[in-house]
Amino acid sequence: MRLSELLDYDNIVIQCHDNPDADALASGYALHYYLTKMGKDPMFIYRGRNPIGKSNLIMMIDVLDIPVIYEPEFDICPELLVTVDCQYGQQNVTKTNADNVAIIDHHQIAGKLPELFEIRSNMGSCATVIWDMMREEGISVDDRRLATALYYGLYTDTGRLSEVSHPLDRDMIDSLNYDKSIITELSNSNISLDELKITGRAILNYEYNTYYKFLLIHAEKCDPTILGVISDFSMETIGVNVCIAFYTSPEEIKFSVRSCVKEVHANEVASFVAENIGGGGGHIRKAGGAIFPKKLQDREGIGEDRVSEYFAKKMEEYYKKYEIIYAKDTVLDTSEMKKYEKLPQKLGYVKLTDICPPGTLVEIRTLEGDINIRCSEDTYLMIGVEGEVYPISREKLSSSYKETGKKYERNFEYEPFIKNLFTDEKKSVMSAAKEVVSAGTAHIYAKPLTGYIKLFTAWDNEKYYSGKPGDYIAVREDDEHDIYIINERLFHQLYTEI
């Protein structure tokens with residue numbers, strides 16, 4: 001769905017869920033802003049039993065002039081009702097009769113959808129979804145109050161940005177000219193005295209696994225930000241490597257993950273514990289997500305009273321699942337591996353010093369995440385067949401690929417770009433990319449994985465790459481420590497046995 005499709009209607013009501021959070025308020029505010037800018041006169045409401053009572057949200061509405069109205073007895077049947085940060089017909093939003101319904105959301109699809117909907121479950125906030133939809137319509141967010149609301153919506157829904165995983169979330173952050181002083185004021189008004197008590201009671205009721213050194217903390221239902229506060233504080237404890245803080249409710253089980261060891265990525269844990277029953281993601285140190293109780297019951301036979309047991313079981317499964325390999329200290333037995341060479345393949349490369357001066361610290365943004373690297377005359381970036389980027393030396397580039405002298409052009413779901421971390425200036429990777437073709441001389445030994453591994457490459461001893469059964473582990477013939485993982489789906493597109 002495009003936002004412009006909503007302009008076919010005149011009597012428009014925007015509705016968020018009954019217990020609005022910052023993301024719901026920001027999303028409704030952004031849609032109200034767009035429709036008003038397009039000449040419409042929309043109404044923004046929320047319903048339910050209670051008006052907003054949290055101090056930070058009351059302050060947000062007041063300071064940012066958000067035009068939301070509490071309408072518990074709303075009985076008007078609009079021509080179009082648009083639900084934001086929720087889905088029409090679900091338990092968390094009071095049903096409002098309307099001639100037509102549209103949905104804009106970032107949660108998992110939970111029921112029958114109307115003809116008009118835009119649901120992007122991989123986004124950190126609904127604010128991001130509407131920001132991107134506005135961008136697609138050529139509308140930039142020039143209003144500083146709206147920019148601040150959008151930022152705060154993402155900020156709170158992702159545990160103070162710790163659970164941001166999609167590059168569009170990061171793009172929105174970079175684009176917004178928000179008021180930092182207001183964000184600071186709102187952030188310091190998050191916890192009420194009652195929530196302080198919730199935090200204290202939760203921490204006193206922890207469960208600790210002495211072998212794997214992870215902590216589980218079951219909190220009362222609270223603002224998701226509180227889970228981040230609980231898990232952050234708990235990670236200060238000696239002997240705790242990983243912490244999961246969570247609460248349960250009939251609608252969702254919300255959880256926050258923290259890790260302080262390089263062998264465990266918090267975003268991977270979040271994805272693992274919520275696989276098939278919810279969603280999770282974030283950063284390698286801080287992450288989070290949500291699980292749907294009905295799916296947990298249907299798939300695992302576990303009710304709300306045994307959620308802690310479920311997390312404990314999944315964490316033990318997670319630790320037992322992986323073999324850890326440090327490439328710089330490992331030599332693989334190639335006698336059990338087949339020999340391959342690269343198929344002729346048009347790929348791209350970028351010399352980093354063609355974009356930024358030597359010594360510049362840059363951030364490479366891709367769909368897989370952000371990579372920080374310092375520019376040097378010998379550092380290049382390869383651009384893979386799906387837009388993935390990885391560093392390569394001039395020597396290996398020259399020995400493995402032939403330059404065609406052409407510009408490299410290819411369409412990706414999300415094109416990588418470079419940000420100069422000194423100046424915040426952004427440049428497209430593709431704009432400077434040149435084409436290369438495999439020289440056919442790069443030989444590797446490879447074999448399919450039969451289990452799960454975490455590989456710390458010779459390039460990066462702090463961040464691992466995960467491999468699953470069916471993926472290939474490979475090592476270059478001319479460098480026994482250049483070990484890497486190749487996705488099963490891509491392997492036979494890139495290599496042929498010799």
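The exercises below work through a few helices and strands of this structure, which is a predicted model.

**Exercise 1.** Describe how helix α3 is placed against helix α5, and state which residues make the contact.

*Solution.* Begin with the general idea that a pair of packed helices is described by the angle between the two axes and by the distance between them. Helix α3 covers residues 126–136 and helix α5 covers residues 167–175, and their axes come within 10 Å of each other while crossing at roughly 70°. Angles of 65 to 115 degrees count as roughly perpendicular, and therefore α3 is roughly perpendicular to α5. Next, look at the residues involved: α3 contributes Ala127, Thr128, Trp131, Asp132 and Arg135, while α5 contributes Leu168, Asp169, Asp171, Met172 and Ser175. Sorted by character, the residues of this contact comprise four nonpolar, two polar and four charged.

**Exercise 2.** Work out the order of the strands in the open sheet of three strands, and find which helix lies across them.

*Solution.* The strands of this open sheet follow the order β13-β25-β26, and their pairing is mixed. The edge strands are β13, at 322–326, and β26, at 464–467, each of which pairs on one side only. On average, and with direction ignored, neighbouring strands of the sheet are turned by 20° against each other. Now take one pair in detail: β25, residues 452–456, runs antiparallel to β26, and four bridges join the two. Within this part of the sheet, Phe456 stands opposite Tyr464 in β26. The last step is to add the helix, which is α11, residues 307–321; α11 lies across β13, β25 and β26 and runs at about 45° to β13.

**Exercise 3.** Decide whether the residues of strand β5 are buried or exposed, and then identify the strands with which β5 pairs.

*Solution.* Strand β5 spans residues 101–105 and is mostly covered, since five of its five residues are buried, where buried means under 20% relative accessible area. To see how these residues are distributed, recall that side chains in a regular strand alternate between the two faces of the sheet. In β5, Val101, Ile103 and Asp105 are on one side and Ala102 and Ile104 on the other, and both faces are covered. Turning to the pairing, strand β4, residues 80–84, is parallel to β5 and pairs with it over four bridges, with Val84 standing opposite Ile104 in β5. Strand β6, residues 116–119, also runs parallel to β5 and is joined to it by four bridges, and here Ile104 stands opposite Glu118 in β6. Ile104 thus stands opposite Val84 as well as Glu118.

How values were computed. Residues are numbered from 1 along each chain as its sequence is written. This is a predicted model: local features need pLDDT of at least 70, side-chain atom pairs count only at pLDDT 80 or more; totals for chains, interfaces and linings use all residues. Side-chain values use heavy atoms; hydrogens and water are left out. Axes are lines fitted to C-alpha atoms, for helices over the stretch in contact, and angles run from 0 to 180 degrees between N-to-C directions. Angles under 35 degrees count as roughly parallel, over 145 as roughly antiparallel, 65 to 115 as roughly perpendicular and the rest as oblique. Contact means heavy atoms within 4.5 Å. Ala, Val, Leu, Ile, Met, Phe, Trp, Tyr, Cys and Pro count as nonpolar, Asp, Glu, Lys and Arg as charged, and the others, Gly among them, as polar. Two strands pair if DSSP finds at least two bridges between them. Buried means under 20% relative accessible area, exposed over 50%, partly exposed in between (1.4 Å probe, protein chains only).
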